[in-house]
Structures are given as C-alpha cells and as structure tokens.
Amino acid sequence: MTQEEELHPDDVQQHLREVQDLLARQKAVENLVSQQDVPRHEMVESLVHKQQQAELAAKLEELHSADIGYILEALPLEERLYVWNLIKAERDGEVLLEVSDAVRESLIESMAPAELKAAAESLDADELADLAPDLPPEVIQDVFQSLDPEGREQLRAAMSYPEDSVGALMVFDMVTVREDVSLEVVLRYLRRFEELPDHTDKLFVVDREDHLKGILTLECLLINDPEKEVAEVMRSETVISFTPEDEADEAAQAFERYDLVSAPVIDSEKRVIGRLTVADVVDYIREESEAEILSNAGLREGEDIFASVWDSVKNRWAWLAVNLVTAFVASRVIGLFEGSIEKLVALAALMPIVAGIGGNSGNQTTTMIVRAIAMGQVEPSAMKRLLKKELGVALFNGIAWGGLLGVLAWWLYGSVSLGLVMTGAMALNLLLAACAGVIIPMLRERLGADPAIGGSVMITALTDSGGFFIFLGLATLFLL
C-alpha cells in the first residue's frame, strides 16, 4: 500500500487507533514473556520485541507524514519517542514540519546533532527556514555550509522575512518559460521533469532577467495549437502577484477571493523570486486560527497535552494571574454591598445572571471585531461607527432580555421594583459589554498589539465587576 493510497482524512483516527493497539499489544506480549520461565529467556524476549517493532515500523512506513505527525501529537511522551525512533531517517525532516511547535521541541531534544543535520539537509530551503528557529545554532550553521550558493541565498532570503509576511511563506520550486517559444517547446520541456512542483496550475512567463511578463495556465497550454507561441496565449493583464513584504493575511484573502492555486512572488524590479501556493496559505490560516483561539483563552502558544506539569504551568500562569486580580476586584465590589445583600438575599441569586449575560454579549462583540480586523475590513477610523452600531444592538437586547428577566424576578420574588432594577442593570451591563467589545480589540490594534490576545479574559473581568457594581448599586439606591 502506497502513501498516496492512504491520503484519506477520515482514516487518520483509524491509523492512530492501530498504532495505539500495536503499542499496547507489544507491551502486553513483552510483559507476558518476561513473566515466563523459559530457556534462553533474553533471546525470546529480544525476538518478540523485534517482531513487534518491525510490525509497527511497517505500519508507519505506509502513512503520510501529516498522519504520522498527528499520531505523534496524540501519544504520551515515552510512546511518542519510541514511535519517533522507528521512523526512517530520511522522513525525519518532513515529519518535524508537520507536528506542532511544542511536540517538535520534544522530538528535537531527543535527537543527536548529526541526526538533526541529516533531517535538515533533506528539506528545501523554504521548508528549512520554517524549521530553523527550533534547531540548535551549530546545526543550522553546519547545514548552511553544506548548501550550494543558490540554496544559501534562498535560505538567507526565506529567514529574513517576518513570520506574517508573504516572503516567509513563499516557496522557490516553480516552472518559468520564455514568451518567444512555442507551446510545443514548452511541452517538451515539461516532459523532462520527473514530476512538477506541487500545486502547479500555471507557468510563469519571464524574460532573460526573470522579469514577470505574464502567466501561462496549464489549460491554455493543453487546448491551444502547439505551434502557437507563448506570447499569443499567455495572460499578461490582471495577473495577481505579491511581493515578499506583503502581509500574509492580505495574500490569504486574495487566494480566497480569486480562488487561486498559486501566484508569483516578485521583487521591487518585478523579477520572479518565488511563488505562493494554496497549501502554504491554508497552513498559515490554520495556524493563525489556532493561535487566535488560544489567545482568546489567554494562552501564549500551542501546548503539548502530554507536556510536563511545569511546562504547562509556564504557558498558562500569566493570564491566570490577571484573572486572579480581576476576580479579587469583583469580590471587593460585592464586598461594598454586603449590607444590601444581607437585607435582600434575592440579590445574591440574581447578580450572577447579569454578569454572565454581559460577559457572553461582550465576547460576541469582540469576536466579530477581531474577525473583521483579521479580514482587513475595519480601519481604526471606524471605531465610532462600530461603537454606535453595537450600542444599538446592546440596548435592544438589554431591554428585551432584561425585560424578560425582570418579569421572572417579579414573579419569583413578588417585587415590581426588583424586576425594574433587573431590567435596568441588564441593559446597562450590555451597553458596557458592547463598549468594551469594540474598544479593547481596536485599541490593541491601534497600539500595534494582537487584538485577539486575552480579549475574552478582559471582557469577562470588566463585565463581572461592572455587572455586580451596576446591579447592586441600583438595588441599593431603589430597593433599600
């Protein structure tokens, strides 16, 4: 069975279960053999171990590198390292690219410098640039020296661009042709390749100095008369291209908007220096989405679920400390109104509702704003307009749902005044949540910070403290 036959996304869970079953069976058999009093015990145990090991290695050989990466992430550290050692050395580099940063760190720590060097040398320059930040400096230096001049220049270029730029995502394998040759010549040229670079849907037409003149799609190449020249059928107008300095977010939006599979990357003089593919863009979008989810929860980076307690603590403690402070502030707000709560116990039962609904509403608002910022749909100057709109939504929801809760409070506790206080507090807290949901991410964006980081934590803290203060304050003024 070949790797190509295994590329079914629904099978990855099945592959994981099979590997886990093989590991469990190996452990059970070895435990059974170790308990038996048989001649040549060590030889029997060694043979059983090698047999089980060979079966697991054969299973791994069938799998795509991405599936192996998924399996490694799902295994505890001891089993992960055992499986990692069974993977063929020539596949180490591509598997390292597939795993998360945290898991990659654990694998790299288990490898000798010579193994790391061999794994790195098996990668293309753009792939090596992705892996380089996690490798020891001496390994990178050795690999750099082993590259040919073109490879060194490509690696240097790929590593010189920020992570969120097109230059950091672009690849260097591409096919270029001249405009003054016939399509028949181009077809003969392509037949010399063992395989075309991944996601090749078009060829880049360049002059002798590699200046971009246009693109030749494979469709045009195949359906036109082979005697025609490239210049006659190539597309030179409305060619979508990028520069290395362009933001990756904008490139991702362009790929989605225009259904691109690949696009040329050009320098300031319009020379083609690389290309961007849909695979690179999808990987970037996935990584950004994961980072945004973690940031909303106050996590700095992806965490290995089987990491040590200390590693997990380091990743989580910062925003937990912030939560501790905000929770303490909320508790002191409640403490200010202890007398009111003692006189009217119903307040203790109702105040979590006000705070909870406010937090949920604020998180809805901030999620919409963060998404709009990420899509490039919101400029800083739009804050006033967005604030006005969200305040309108909050006011409507506050009156509608606050009114419903007010009626329920009246029915439960027989107090019209308590129902009115409940309605007013809900409306005011939703207005506060709307203001925070718009202002916090847009202010962070204006200050050059990631608008997604800690957004939900800050919104919840503000709506909890604010909700308690508003509800208990209104109750103190009008009920006691």
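Here is a short conversation about one helix and some aromatic pairs in this predicted model.

User: Which residues of helix α4 are buried?

Analyst: Happy to start there! In α4, residues 77-86, the buried ones are R80, V83, W84 and L86.

User: What puts them on the same side of α4?

Analyst: Around the axis they cover an arc of only 155 degrees, so they sit on the same side of the helix. The face turned away from that buried side carries the exposed residues E78 and N85.

User: How many aromatic pairs does the structure hold?

Analyst: There are 3 aromatic pairs, and Y189 with F193 is one of them.

User: Why is the pair of Y189 and F193 called edge-to-face?

Analyst: Their ring centres are 5.3 Å apart, and a pair needs centres within 6.5 Å. The planes meet at 80 degrees; because angles over 60 count as edge-to-face, the name fits.

User: What makes Y189 count as partly exposed?

Analyst: Its relative accessible area is 29%, and partly exposed covers what lies between under 20% and over 50%. F193 is also partly exposed, at 29%.

User: Why are F337 and F469 called edge-to-face?

Analyst: The same reasoning works nicely: the centres are 6.0 Å apart and the planes stand at 70 degrees, so this pair is edge-to-face. The pair links distant parts of the chain, 132 residues apart, with F337 in the loop between α17 and α18 and F469 in helix α22.

User: How do you know whether F337 is buried or exposed?

Analyst: F337 has a relative accessible area of 12%; buried means under 20%, so F337 is buried. F469, at 48%, is partly exposed.

Definitions and conventions: Residues are numbered from 1 along each chain as its sequence is written. This is a predicted model: local features need pLDDT of at least 70, side-chain atom pairs count only at pLDDT 80 or more; totals for chains, interfaces and linings use all residues. Side-chain values use heavy atoms; hydrogens and water are left out. Buried means under 20% relative accessible area, exposed over 50%, partly exposed in between (1.4 Å probe, protein chains only). Helices (H or I, at least four residues) and strands (E, at least two) are DSSP runs, numbered from the N terminus. The arc is that of the directions from the helix axis to the C-beta atoms. Rings of Phe, Tyr and Trp (its six-membered ring) pair if their centres lie within 6.5 Å; planes under 30 degrees apart count as stacked, over 60 as edge-to-face and the rest as tilted.
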